[in-house]
Structure formats: structure tokens, C-alpha cells
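Colleague: I should like to take a close look at a single part of this model and its surroundings. Please show me the structure before I put my question.

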Amino acid sequence: MDKFIIEGGNKLEGEVEVKGAKNSTLPILAATLLTEDKFIIENIPRVRDIFTMKRVLETLGASISIKKDTAYIDTRGAIGYEAPYELVKQMRASYYVLGPLISRLGRARVSLPGGCAIGSRPIDLHIKGIKALGADISVVHGYIEAYAENLEGSNIQLKGASGPSVGATINTMMASVKANGVTIIESAAKEPEVVDVADFLIKCGAEIKGAGSNRIEIKGVDNLSGCEYRIIPDRIEAGTLTVAAAITKGDVVIKNVEPIHIEAIVDKTKEIGADISSGEDWIAVKMTSEIKPTNIETSPYPGFPTDMQAQFTSLLTLADGISIVKDKIFEERFMHVPELVRMGANLKRESDYVIIKGVPYLSGAQVMASDLRASAALLIAGLAAQGTTEISRIYHIDRGYENIEERLSKLGASIWRLRE
Ligand code: EPU
């Protein structure tokens with residue numbers, strides 16, 4: 001298993017470009033299964049999860065090649081209906097084939113994803129949405145089995161105990177684009193990735209209104225066609241680079257961003273003392289002051305994203321005072337806390353929040369990555385720490401950040417990959 005070695009203390013300076021959004025690329029690749037045609041999808045991040053989704057599509061019989069940041073997909077011809085455990089256990093988002101398969105074939109068999117490092121992550125709302133369209137769904141031998149002769153438009157309330165669900169909104173939207181009549185999704189997730197998937201489907205001929213609000217209206221169409229589409233920039237990668245610039249007292253221009261998508265992150269980074277300016281598709285982050293403490297509570301878009309909680313926790317370990325970071329979206333998303341403590345941070349976890357007492361410095365240590373964003377948090381801490389940090393299990397980072405060590409090195413970081 002590869003490791004990252006980081007010699008901390010270098011300021012990040014220069015320009016860096018953000019890649020395409022992993023979390024909309026995954027469902028958009030799955031959505032190509034909705035119809036028999038050819039697609040060209042640009043601005044694909046070359047990260048592990050995307051290559052897992054490529055394998056899912058290939059297993060189902062589609063042909064897909066990824067050259068640089070463009071995917072060429074052909075979904076003509078027969079496709080299968082089963083997403084096996086071997087793939088779904090590697091990446092939960094493989095469940096995004098459920099909606100497209102039930103729509104195209106009237107049948108789908110998709111492994112239940114099982115546990116996850118950041119919490120229990122049920123998928124009851126995905127099932128609720130697709131059932132509401134008239135599918136018959138049961139869970140047998142660890143698989144979701146869905147059948148439907150016809151899908152019928154329906155009025156679906158998708159609010160769960162923890163608020164709206166990005167995945168359930170997208171899966172239900174994909175399942176409903178060719179259903180008879182009109183589907184209304186109430187309490188829909190408003191994340192930019194939901195809008196990206198809706199825009200892709202619209203380009204293929206779907207009739208969707210209201211994506212980005214909490215009520216999405218989908219008028220079923222008879223068929224969809226292939227298209228060329230460009231994925232939006234990854235807002236979490238942009239946020240992660242913003243925090244990396246701030247913690248190293250750096251001066252970085254981050255390009256290929258959608259400033260409106262990262263407003264909550266930028267506002268918090270300004271609050272802790274950074275100077276941030278922005279243009280149409282870039283932001284510039286400059287940090288000259290001490291890090292000020294702040295409080296954060298994650299919430300669905302446009303609130304502060306749970307996917308940035310861990311990275312901000314790293315930043316606040318060096319603040320001049322006490323901060324509280326609360327995350328109620330995923331109950332176990334604090335795996336970075338004990339690792340940061342090993343680097344000298346003063347953190348105390350209480351149920352769904354962490355109390356952070358800023359310390360003057362972090363010291364490099366051997367730490368272990370546990371999930372994608374927790375790993376990013378350790379990377380950020382390592383960039384600022386005194387001495388050497390060694391991060392093991394970095395396949396978690398490779399799931400969502402393309403070639404991150406090379407891009408950080410270009411900004412002046414001292415980081416390299418130890419292949420094992
Ligand atoms: N939930 C349910 N039932 C469901 C689905 C979700 O109760 O059927 C709950 C979840 O347990 C959670 C809340 O609803 O408490 C929100 O979860 P959501 O469904 O919105 O999350 P997701 O679709 O599983 C996506 C991203 C996550 C990101 C969340 C929240 C992908 C592939 N994943 O997950 O990204 O944290 O939305 O924004 O899009 C990451 O990239 O590191 C990552 C974990």
C-alpha cells in the first residue's frame with residue numbers, strides 16, 4: 001500500500017487547477033445506461049472511484065474508455081442488470097446504476113453497499129423513491145432486487161431523518177426521466193451535483209425543472225439520446241486546496257472553480273483570517289495573519305459541506321483560541337480526530353462535535369488515512385506540521401483527488417509517494 005511522506009512547513013504559492021467533480025461524474029456515468037447511444041463526457045477526474053464506476057459499466061456490458069479527462073461511452077447493445085458485491089463493496093456509489101437499470105430494463109439487481117467508515121449510511125430513501133414509481137423492490141441475499149413493468153410518475157417525499165439525500169434524489173431522478181407522466185420530488189437535495197446530473201439528463205432530452213431547489217419536477221419522455229457534456233468543477237477539491245493554502249500561510253490562485261458553489265467554504269476561510277478574491281472561474285487565497293478560531297456546523301447545500309469538515313478541523317487545530325466543529329450528517333465522520341491528536345492537536349470529540357483548542361504547532365507523525373476526507377485532513381495537517389508526516393493507506397485519498405502530490409509539489413509542498 002502506498003504512503004505519502006510530507007516534510008511540513010513550506011508555504012504553498014502559485015496556481016493550481018481544480019479537476020471535475022467526482023460526485024457528479026459518478027451518477028452521470030451511470031446515467032448513460034438510461035439509453036442506447038454514444039456519449040462524450042469531459043472534465044472527468046482521473047481518480048480511483050471513477051475507474052471503479054468504469055468497471056461497473058463494463059461489467060454491465062457498456063463500452064467505456066477514458067482518455068486524459070474525457071470519457072467515451074457506448075451503451076448500445078445488450079446490457080446486464082446486476083451490479084455485483086465485489087464492485088459495490090469497493091464503492092458505494094455503484095448503487096447509482098439502480099435508477100438507470102430499472103428505467104431501461106425494468107429489472108435491476110444491485111448489491112447493498114454495507115458498512116462505511118463515516119457512518120451507517122442507509123439507502124432506504126433510494127428504495128423509497130424508486131418504489132414510489134411503481135417498482136417492486138425486495139432485499140434478498142444482500143442484493144436489492146427491483147422489477148417494474150412500467151414506471152409511473154409519482155409525488156415523492158424524500159426527506160429523511162438527517163435531511164435531504166443527494167444520492168436518493170439523483171437515483172430517483174434518473175429512474176423517473178422515462179416514467180409515464182409527471183414525477184415530483186419533494187425535499188430534494190439542492191447540491192450542485194444534483195443540478196449537474198439534471199443538466200446532463202436535460203441535454204440527453206429529459207424534461208426536468210427545479211433542480212437546485214427542494215422541489216424537482218420531471219416530465220417523463222419516451223426516449224433519451226446520447227450527448228456531449230462537461231462536468232462541473234469539484235467544489236470539495238477547491239475547498240481542500242483553499243484550506244491547504246490557508247494553513248501554510250500561502251498565496252495560491254485556484255483555477256477552474258465555480259465561486260458560487262464554494263461560498264460557504266470561502267466565507268469561513270475569510271472568517272479565520274484569509275484574504276480571498278475571486279473572478280468568474282477562479283479564487284485567490286492569501287493568508288498573512290494568525291488563524292482565528294471559529295465555529296462550524298455542517299448542513300446541506302448551500303450550508304457548510306460535511307465533505308469539508310475534516311479539512312477545516314485540521315486548519316482550526318492551529319487557531320489562536322477555541323473552535324467547535326459540529327457534523328450531524330454522518331455520525332462517525334471524526335476518524336481524523338485521534339490521528340490529529342497524534343500530531344499534537346488538542347481535540348476532544350463529544351458525540352457529534354469536536355472541541356478544538358488551538359496549539360502553536362503540529363508535529364509530524366505516522367498517521368493512518370481512514371476515509372477520503374479524513375485523509376485530506378491529515379494531508380493538510382502534514383503540510384503545516386513541523387518535521388515529517390507519513391500517511392499510510394492513501395488509497396483513500398486516491399479515491400477522490402487526482403495526482404494530488406504532484407499538484408501540491410508544484411505549489412512548493414515537499415511531498416512524495418512511497419510505493420510499496
Ligand atoms: N440517508 C438516509 N437514507 C438514505 C440516504 C441517505 O438516511 O437512503 C442519510 C445519510 O445517512 C446521511 C444523510 O441522509 O445522514 C445525507 O446523505 P446523502 O444521501 O445526501 O449522502 P450520499 O448521497 O450517500 C453524497 C456524497 C458524499 C457527501 C454526501 C453529503 C457521493 C458519491 N457522495 O453521499 O460524499 O458527503 O452526499 O453531501 O456523491 C465524499 O465525497 O467524501 C462523500 C462522502
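Colleague: Is strand β1 (residues 3–7) mostly covered or mostly uncovered, and how many of its residues are buried? Please then describe its pairing, and go on to some individual residues elsewhere in the chain.

Modeller: The model is a predicted one, and what follows should be read in that light. Strand β1, which spans residues 3–7, is mostly covered, with four of its five residues buried. In a regular strand, side chains point alternately to one face of the sheet and the other.

The pairing of β1 involves two strands from much later in the numbering. With β24 (residues 414–418), β1 forms an antiparallel pair over five bridges. Within this pair, Ile6 is placed opposite Ile415 of β24. With β23 (residues 388–392), β1 again runs antiparallel, and here four bridges join the two strands. Glu7 has Thr388 of β23 as its bridge partner.

From the strand we may turn to the loops, beginning with two residues of positive phi. Asn43 is located in the loop that connects β3 (38–42) to α2 (48–60). Its phi is near 65°, a positive value in a residue that is not glycine. Asn43 counts as buried because its relative accessibility is 5%, and the cut-off for that class is under 20%.

Lys68 is likewise a residue other than glycine with a positive phi, in this case about 50°. Its position is the loop between β4 (63–67) and β5 (70–74). Lys68 has a relative accessibility of 71% and therefore counts as exposed, a class that begins over 50%. Thus Asn43 is buried, whereas Lys68 is exposed.

A further loop, between β18 (295–297) and α10 (309–316), holds Pro302. The peptide bond leading from Tyr301 to Pro302 is cis, and its omega is near 10°.

Lastly, there is a charged feature at the surface. Glu17, Glu258, Glu280 and Asp281 together form a negative patch there. One of these residues, Glu280, belongs to the loop between β16 (275–278) and β17 (282–286). Because the relative accessibility of Glu280 is 75%, this residue counts as exposed.

To return to your question, β1 is mostly covered, and its antiparallel partners include β24, with five bridges, and β23, with four.

Note on methods
Residues are numbered from 1 along each chain as its sequence is written. This is a predicted model: local features need pLDDT of at least 70, side-chain atom pairs count only at pLDDT 80 or more; totals for chains, interfaces and linings use all residues. Side-chain values use heavy atoms; hydrogens and water are left out. Buried means under 20% relative accessible area, exposed over 50%, partly exposed in between (1.4 Å probe, protein chains only). Two strands pair if DSSP finds at least two bridges between them. Patches are made of residues with over 30% relative accessible area and no salt bridge: like charges are joined within 9 Å, nonpolar side chains (Val, Leu, Ile, Met, Phe, Trp, Tyr) within 5 Å. Accessible areas come from the Shrake-Rupley method with a 1.4 Å probe; for residues, only the protein chains shown count as cover. A salt bridge is a side-chain nitrogen of Lys or Arg within 4 Å of a carboxyl oxygen of Asp or Glu. Lys and Arg count as positive and Asp and Glu as negative; His and the chain ends are not counted. The place of a charge is taken as NZ of Lys, CZ of Arg, CG of Asp or CD of Glu.
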